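Me: I should like to learn how to read a structural model step by step. Could we begin with the chain as a whole and then proceed to its parts?

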Amino acid sequence: MFYCPTRIIFADDAIQKAKDKIAVLGKKALLVSGEKSAKQSGALSDLITVLNELEIHYVLFDRIKENPTLDSVMEGKQIFLQNNCDFVIGIGGGSPIDAAKAISLAAANSLNRDEIYNIAAFKNVYPIMAIPLTAGTGSEATQYSVLSDPTHKKKAGLGSDLAFPALAAIDPKYTLTLTPKVTMHTALDALSHLLEGLYSNQRSPLVYPFIYKGIASIMKCLPRALSEPDNLAARKELMQSALYGGIVIAQGSTTLQHSIGYPLTSNYNIPHGLANAMVMEDIMELYYPAVSKELNDLFAYLNLSKDAFYAWLRALPFERKIELSDTFIEEAIPQVMGSRNMALNPLPVSEEHIRIIFEHIRKS
Ligand SMILES: [Fe+2]
């Protein structure tokens, strides 16, 4: 099975090239972004130019932080409704795009804070456009929105076909301003999505070409983009790989590889992609008996061994260990066990498996 209803424009000057398609989305847009990246990257001014040319009105809601909260979604919903908007444009990394999806659903279905995860209540949606500014989440081509609830220190996702963006304008030049750290963390998130396309028990061979090409590109181009941040060719390949990752998880969802990272992000502010990277090797080892054929076929395509893949991963300069409290581990295990992605693991995962992985990344 393959489903991706998003119209994707991947090009230099993508926003300008998307003009005709933006014109039919609505008459007044809520622009959802963080405080800085939409302005710094130049994407916001490119977008405003096109909206002005089309005589589309807009309201800017630029207060989305990393790991968007339920409260910020509620605030966005109010602004959307008070201003009589009729579509949303998420501009940024995964956070503003995920927030834009949730705002659209909340506004269209009159959802309150407690109903945001209640996908049975989703009947309508206002059109969603996504302009990604990182090469990571692939949220521009998925039906997922991952939100945080700081009061309960919880991070969880929702998935609904209504949340697929109608339109995505992807221009790799916007990623030229990303720091090396963000470049690395987001690329490792994309790598994680691509691997999970092989891990998920809903895996679909239809997307294996995306997975193979995406992983090969990240292995080749991530080190290049880190040493030469201005290398647009490398940035393009990373952006394309992130999009592939989004298309892949839109089919088979994510797994323990993602759910185990959520409490690390909620409790210790570990960036999402870094949390995935810290456990990547452990997860691959855990899953290997169940997906050895899928992984061996991938490694044959890449012309390297599993150990060579681990060596590539270990050469990247990211933190492997963090201080974790006993209380955290005890509280996080049931949270991970109860997360939606756990139904997708390729083999049964126990509390003990999760404990071992947490202990492995724990600073002693
Ligand atoms: Fe992710």
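Reply: Let us begin with burial. Buried residues make up 50% of the 364 residues in the protein chain. Please keep in mind throughout that this is a predicted model.

Me: What radius of gyration would a compact globule with 364 residues have, and what does the protein chain have?

Reply: The idea is to set the value for the chain beside the value expected from its length. A compact globule with 364 residues would have a radius of gyration near 21 Å, and the protein chain, with 19 Å, agrees with this. The C-alpha trace spans about 55 × 45 × 40 Å along its principal axes. As for contacts with a separation of 6 or more, 81% of them in the protein chain are between residues 24 or more positions apart.

Me: How many helices and strands are there in the protein chain, and into which domains is it divided?

Reply: The protein chain has 15 helices and eight strands. Its division gives domain 1 (7-173) and domain 2 (178-361), with C-alpha centres 25 Å apart.

Me: How should I read the contact between the two domains?

Reply: One general way of expressing the size of an interface is the accessible area lost when the parts come together. Here we may count residues instead: 22 residues of domain 1 are in contact with 28 residues of domain 2. On the domain 1 side, strand S7 (residues 154-159) supplies the largest share, four residues. By class, this side of domain 1 has six nonpolar, 11 polar and five charged residues.

Me: Which residues touch the most other members of the largest nonpolar core?

Reply: In that core of 102 residues, they are Val32, Val88, Ile89, Ile103, Ile131 and Leu238. The core lies between domain 1 (7-173) and domain 2 (178-361) because both give residues to it. Valine 32 illustrates the packing: leaving out residues up to four places away in sequence, its partners include Phe61, Ile64, Val88, Ile89 and Ile103.

Me: How does one read a strand, taking S8 as the case?

Reply: One asks which way the side chains point, and then which strands pair with it. In strand S8 (residues 167-170), Leu167 and Ala169 point one way, Ala168 and Ile170 point the other way, and all are buried. Strand S1 (residues 7-10) pairs with S8 in the parallel sense over four bridges. Strand S5 (residues 128-132) also runs parallel to S8, joined to it by two bridges.

Me: Which residues stand opposite alanine 168 in S8?

Reply: Isoleucine 8 stands opposite alanine 168, and alanine 130 likewise stands opposite alanine 168.

Me: Where is leucine 226 placed, and why does it count as partly exposed?

Reply: Leucine 226 is in helix H8 (residues 208-227). The general idea is to count C-beta neighbours, and a buried residue needs 20 or more within 10 Å. Leucine 226 counts as partly exposed because it has 17 inside 10 Å. Apart from neighbours within four places in sequence, leucine 226 is in contact with Pro180, Thr183 and Met184. The C-alpha atoms of leucine 226 and threonine 179 are separated by 8.6 Å, although these residues are 47 apart along the chain.

Me: In which loop does glutamate 66 lie, and how many C-beta neighbours does it have inside 10 Å?

Reply: Glutamate 66 lies in the loop between strand S3 (57-61) and helix H5 (70-82). With 15 C-beta neighbours inside 10 Å, glutamate 66 counts as partly exposed. From C-alpha to C-alpha, glutamate 66 and tyrosine 117 are 19 Å apart in space, with their positions 51 residues apart in sequence numbering.

Conventions:
Residues numbered from 1 in each chain as written. Predicted model: local features only at pLDDT ≥ 70, side-chain atom pairs only at ≥ 80, totals over all residues. Buried ≥ 20, exposed ≤ 12 C-beta atoms within 10 Å, placed from the backbone. Pairing = 2+ DSSP bridges. Rg over C-alpha atoms; globule rule 2.2 N^0.38 Å. Contact = placed C-beta atoms within 7 Å. Domains from an automatic or database assignment. Nonpolar A, V, L, I, M, F, W, Y, C, P; charged D, E, K, R; others polar. Core = buried A, V, L, I, M, F, W, Y, C linked by C-beta atoms within 7 Å.
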